[in-house]
Amino acid sequence: MSKNIDVTLYDVTLRDGSHAIKHCLTKEQIVNYASLADAAGVGVVEVGHGIGLGASSLQIGKSLLADEEMLTLARDCLKSSLLAVHVVPGYATVARDISLAIDCGVDVVRVAAQCTEADTTEQHISYVRGTGRRVFAGLMMAHMISPEMLVQEALKMESYGAECITILDSAGAFLPEDVYKRVSLLVKSLNIPVGFHAHNNLGMAIANSLIAVKAGATIIDGSISGFGGGAGNASIELLAAVFSMEKYSTGVDLYKLLDAADMAEDIFEVLPKITSSSVVSGMSGVVSVFSKPVARAAEIYNVDPRDVFFELGRLGAIAGQEDLIIEVAQNLAEKVVDDA
């Protein structure tokens, strides 16, 4: 039986979870949940707009509260848990956003990029490292490249000063074997901890997170009751329970985390579920936040939304490329006419 392995639970409820409510976290939701997570002894609590620091906009989705207010509210509630932010270069700048977050008392800055774009993180990682704050790095849409290519991108981030590399299964596309290959190779190749961030599109979030730890990951992301867009994330209370059964040490109070899960629906009003759309999203490797625009485009052009997802997956579509949805739907409609 597994013993003597410490796993840090990294809570993304108040960041990734906000996708489920169009990034409109309220003061009450932040205060209530941050207090519950802190009382349960969760290691790290990430807060902010779903896309990350500085991402609030009409195009992406406006947050109800400014970054500074969200971070200040959470900071006041977190006595033992570390406060973290998610940073994507292109949305967040060093001067405007990261420095503000540090002034708000952030402990951890996770700088994330698409899995082939580690080069874009150098300035942000180097800056945070120079401030003395902890700096983690993330490789999003990690299913899109080989394990060997992931290692090459991760090594760049390590060389910039990252203290942990998390791979993000942004589309919920991985099966356990995929996770094991990538995490074990990263653990072997890096001199810093490896983390894993699961999505539940194919119902594999807990299994994938568990296999990530068995492969050597020591930082695992989750959200309360899986709160997040589409099919959601790995449920952090389930992670705590399963890790406890495996004799992994997380430092959390399981009962308090289960109590928080019981209150989650009252706090956030909506919880994720696996739908046909999320299943196809996972199979095609396309982020589930595309679900609603895909459904609209499919209705307009009278095509099957599942076909749209699979074609977007073939094209390697990523978040921020929503314009492709209309183009794909149009092309599929024209093909139907041509084949008639």
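Helices and strands are taken here as DSSP runs, numbered from the N terminus, and in those terms L65 is found in the loop between β3 and α2. The structure that holds this loop is a predicted model, and the paragraphs below go from the whole chain to that loop and then to two pairs of packed helices.

The chain contains 13 helices and ten strands. Its radius of gyration is 19 Å, close to the 20 Å that the globule rule gives for 340 residues, so the chain is as compact as a globular protein of that length. Measured out along its principal axes, the C-alpha trace spans about 65 × 40 × 40 Å. Of the 340 residues, 54% are buried, and, among contacts with a separation of 6 or more, 78% join residues that are 24 or more positions apart.

The loop between β3 and α2 offers a local view of such contacts. L65 counts as buried because its relative accessibility is 11%, and buried means under 20%. Which residues does L65 touch, once its neighbours within four places in sequence are left aside? They are L25, T26, K27, I30, M70 and L73. T26, one of these partners, is 39 residues away from L65 along the chain, yet the C-alpha atoms of the two are separated by 7.2 Å.

S63 lies in that loop too, between β3 (44–47) and α2 (67–77), and S63 is likewise buried, with a relative accessible area of 10%. Apart from neighbours within four places in sequence, S63 is in contact with H23, H49, S56 and M70; M70 also appears among the partners of L65. H23 in turn belongs to the loop between β2 (8–14) and α1 (27–40), where H23 is buried at a relative accessible area of 8%. The backbone of H23 deserves a look as well, since H23 has a positive phi of about 70 degrees although it is not a glycine.

Turning to the helices, two packed helices are described by the angle between their axes and the distance between the axes. Helix α7 (residues 205–214) and helix α8 (residues 236–245) pack at an angle of about 45 degrees, with their axes 10 Å apart, and α7 and α8 are therefore oblique to each other. Their crossing is right-handed. On the α7 side the contact is made by I206, S209, L210 and V213, and on the α8 side by L238, L239, V242 and F243; by class, these residues divide into seven nonpolar, one polar and no charged.

A second pair is formed by helix α11 (residues 291–301) and helix α13 (residues 323–339), whose axes come within 9 Å and cross at roughly 30 degrees. Angles under 35 degrees count as roughly parallel, and so α11 is roughly parallel to α13. The crossing of α11 and α13 is right-handed. Here P293, V294, A297 and Y301 of α11 meet I325, I326, A329, Q330 and A333 of α13, a contact with eight nonpolar, one polar and no charged residues.

Following α11, the loop between α11 and α12 (305–315) holds N302. Is N302 buried or exposed? At 70% relative accessibility, N302 counts as exposed, whereas H23 is buried. Phi of N302 is near 55 degrees, a positive value in a residue other than glycine, and a positive phi was also noted for H23.

Methods
Residues are numbered from 1 along each chain as its sequence is written. This is a predicted model: local features need pLDDT of at least 70, side-chain atom pairs count only at pLDDT 80 or more; totals for chains, interfaces and linings use all residues. Side-chain values use heavy atoms; hydrogens and water are left out. Axes are lines fitted to C-alpha atoms, for helices over the stretch in contact, and angles run from 0 to 180 degrees between N-to-C directions. Helices (H or I, at least four residues) and strands (E, at least two) are DSSP runs, numbered from the N terminus. Angles under 35 degrees count as roughly parallel, over 145 as roughly antiparallel, 65 to 115 as roughly perpendicular and the rest as oblique. A crossing is left-handed if the near helix is turned anticlockwise from the far one by less than a right angle, and right-handed if clockwise. Contact means heavy atoms within 4.5 Å. Ala, Val, Leu, Ile, Met, Phe, Trp, Tyr, Cys and Pro count as nonpolar, Asp, Glu, Lys and Arg as charged, and the others, Gly among them, as polar. Buried means under 20% relative accessible area, exposed over 50%, partly exposed in between (1.4 Å probe, protein chains only). The radius of gyration is taken over C-alpha atoms; the globule rule is 2.2 Å times the number of residues to the power 0.38.
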